[in-house]
Amino acid sequence: MPGIDKLPIEETLEDSPQTRSLLGVFEEDATAISNYMNQLYQAMHRIYDAQNELSAATHLTSKLLKEYEKQRFPLGGDDEVMSSTLQQFSKVIDELSSCHAVLSTQLADAMMFPITQFKERDLKEILTLKEVFQIASNDHDAAIHRYSRLSKKRENDKAKYEVTEDVYTSRKKQHQTMMHYFCALNTLQYKKKIALLEPLLGYMQAQISFFKMGSENLNEQLEEFLTNIGTSVQNVRREMDSDIETMQQTIEDLEIASDPLYVPDPDPMKFPVNRNLTRKAGYLNARNKTGLVSSTWDRQFYFTQGGNLMSQARGDVAGGLAMDIDNCSVMAVDCEDRRYCFQITSFDGKKSSILQAESKKDHEEWICTINNISKQIYLSENPEETAARVNQSALEAVTPSPSFQQRHESLRPVGQSRPSTARTSSSGSLGSESTNLAALSLDSLVAPDTPIQFDIISPVCEDQPGQGKASGQGGRRTNPFGESGGGTKSETEDSILHQLFIVRFLGSMEVKSDNNPDVVYETMRQILAARAIHNIFRMTESHLLVTCDCLKLIDPQTQVTRLTFPLPSVVLYATHQENKRLFGFVLRTSGGRNESHLSSVCYIFESNNEGEKICDSVGLAKQIALHAELDRRASEKQKEIERVKEKQQKELSKQKQIEKDLEEQSRLIAASSRPNQASSEGQFVVLSSSQSEESDLGEEGKKRESEA
């Protein structure tokens, strides 16, 4: 009969929450079948025991058969066929309910025996297997828990062997028990039909034989119907036997094939790591903090869905969102003396989770899968091929560099070079330079043979690449106690803008162009690809001080200035288009690989989701510096104009004084010559008060002379 639902025996070893959820549905169906069969058994037993109540018991049986279509079996695959069949049975039984008399022997053999066998043997077998499976599952969980708590630092071979053997035994026992339990539940789907149809068939055959002679109700049409039902039952039985044989063979094959997978940490040589996955699922231990220093670990099933990491507890119908892993960062970490731990940090840095994988293979595959998903490779048409191509191109694009100190020594002038010392950088050089970088699509932006810096220069170095020295001063310590050292004024003390940000240095490399924002994005891509491929997760944290004069990287512990970038040399700055935590700027410096020309170096940093704020602060600082320069030039021009005006004013005052003196002299000359002209010509001249006084004095003198 079609429409038989089955549990997938092949998925018993994975034991995923979906399988457990499906198992719960089958168990619920078995419970419903048991309840229903108990009721049917009681009804048929009532027919057998009480001949006087045979009519009422038959009526109840008919009623139960009519209510079959109202039952809500979770696995009712062919309910319509069964409902129609049982409905027809119920009609016939209802018609014969008043005609039954003595059917004890026939009913006991043909009706009660099959349903009793199903109830006492098959249903009890399901319950027994359920209990055995639950015990095996609990033992396996306990073994896994003990295995997960194995110490990485204090390894004990004997304890590790015992725990590993315990995991192997418990897992094998759980797998075998689960497969047999699934087989029994699948078989129950056939047996429930047989257990329903065979008693009814036996009952009707008993009724036919009882009313063989002249029964009006038992006609040829009903006999044909019963014959078809008997044939259907035989077909179901043959199908069940064939399916049982197939499932048994599958169990044997899976037991042989799954034997190496019982070991919790398989050999990576036999099971290689796939680094191009964009989907993964499996059990992980999640770390949950319960206090300041205490924490607990919960084992849950995790799976990726698009750009989300989902978690699902055992028995749950569906999973819940654990974290958005688009543009996230993932790295391996050491946590509480546990092996195979890794940390996922969300794109905004506000949420992080620490998870523990079961094996080294799962550990590396989870990290690679989450890293591929964070790049949104899963949105492409063929994610795995795209991931393989991206990883290959990133591997070819990466040009590992020597340490920052070696690069610094190479950039020094010949006269100032120091004796080379054997120092080991925090990140060191990572392989030889790539020869395929020039084939990239953006090779016009980044120098083909440039190395990538992964560390920051040590504070003890005096000459810093990319750092303009003002008035011969090198890097010095910022006094954390606010005391002035030797009366020297801080170079940023009079700056209008002082903004401090927490940043982590990702790397730097020399670039060709400094006028295109794409150079910053390409530098970010190459540095992040280099870190991902070479598993460089360590980052140097610093404080970035933005002022109107320069950008400073300050050590947060010692307050030592690591690097100083003059603001006029910062010619380009940008944040990542999608991940706002990443930002970078291009510094135009003298020297580099060609001492006679200017070179441009792009520095990439990661912040706590403040990339845009830092770029805005740098832009504001440059605007303030520009306005300050314009104001300074305007002030100088205004002073020059005032000096010219003052000079012109002095010249004008001097000219006016000269004109005033000339006018005064002309008046004096006119005053001395006008009286003689008046007496001779008889003209009157109006004199000023001073001149009139002088003329009066002159006339009085003349009178005195005439009188004398």
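Which residues lie nearest the centre of the second largest pocket, and how many residues line it? In this predicted model, the lining of that pocket is made up of 27 residues, and those nearest its centre are Leu 13, Glu 14, Arg 171, Glu 358 and Asp 362. The pocket itself has a volume of about 690 Å³. Its lining is a mixed one, with 11 nonpolar, six polar and 10 charged residues. Several elements take part: H5, E1, strand E2 (295–305) and helix H7 (360–374) each provide at least two lining residues. The biggest contribution, four residues, is that of H7.

Helix H7 deserves a look of its own. It is 15 residues in length and spans 21 Å from its first C-alpha to its last, close to the 21 Å expected at 1.5 Å a residue. Because 11 of these 15 residues are buried, H7 is largely enclosed by the rest of the structure. The buried set includes the charged residues Lys 361 and Glu 365, along with Trp 366, Ile 367, Cys 368, Ile 370 and Ile 373. His 363, Thr 369, Asn 372 and Ser 374 are buried as well. After the helix comes Gln 376, which has a positive phi, near 60 degrees.

Attention now turns to enclosed space. Rolling a probe the size of a water molecule over the atoms reveals where empty space remains. Across the whole structure, the search finds four cavities of 30 Å³ or more. The largest of them has a volume of about 140 Å³. Its lining consists of 13 residues, and Ser 148, Asn 285, Gln 356, Ala 357 and Glu 358 are the closest to the cavity centre. Glu 358 is thus a point of contact between the two descriptions, being listed close to the centre of this cavity and also of the second largest pocket. Helix H4 (104–148), strand E1 (281–289) and strand E6 (338–345) each give at least two residues to the cavity lining. Sorted by class, that lining holds seven nonpolar, three polar and three charged residues.

The second largest cavity encloses about 50 Å³ of space. Around it are Ile 33, Tyr 36, Met 37, Tyr 68, Phe 73, Lys 192 and Leu 196. Six of these lining residues are nonpolar, none is polar and one is charged. Helix H1 (17–49) and helix H5 (157–210) each supply at least two of them, with the largest share, three residues, coming from H1. H5 therefore appears twice in this account, since it lines both this cavity and the second largest pocket, as set out above.

Note on methods
Residues numbered from 1 in each chain as written. Predicted model: local features only at pLDDT ≥ 70, side-chain atom pairs only at ≥ 80, totals over all residues. Heavy atoms only, no water. 1 Å grid on protein atoms, 1.4 Å probe; cavity = no way out; pocket = protein on both sides within 12 Å on 5 of 7 lines; lining within 4 Å. Points joined across faces, edges and corners; volume = space filled by probe spheres on them. Expected span 1.5 Å × (residues − 1). Buried < 20%, exposed > 50% of the residue type's maximum accessible area, 1.4 Å probe, protein only.
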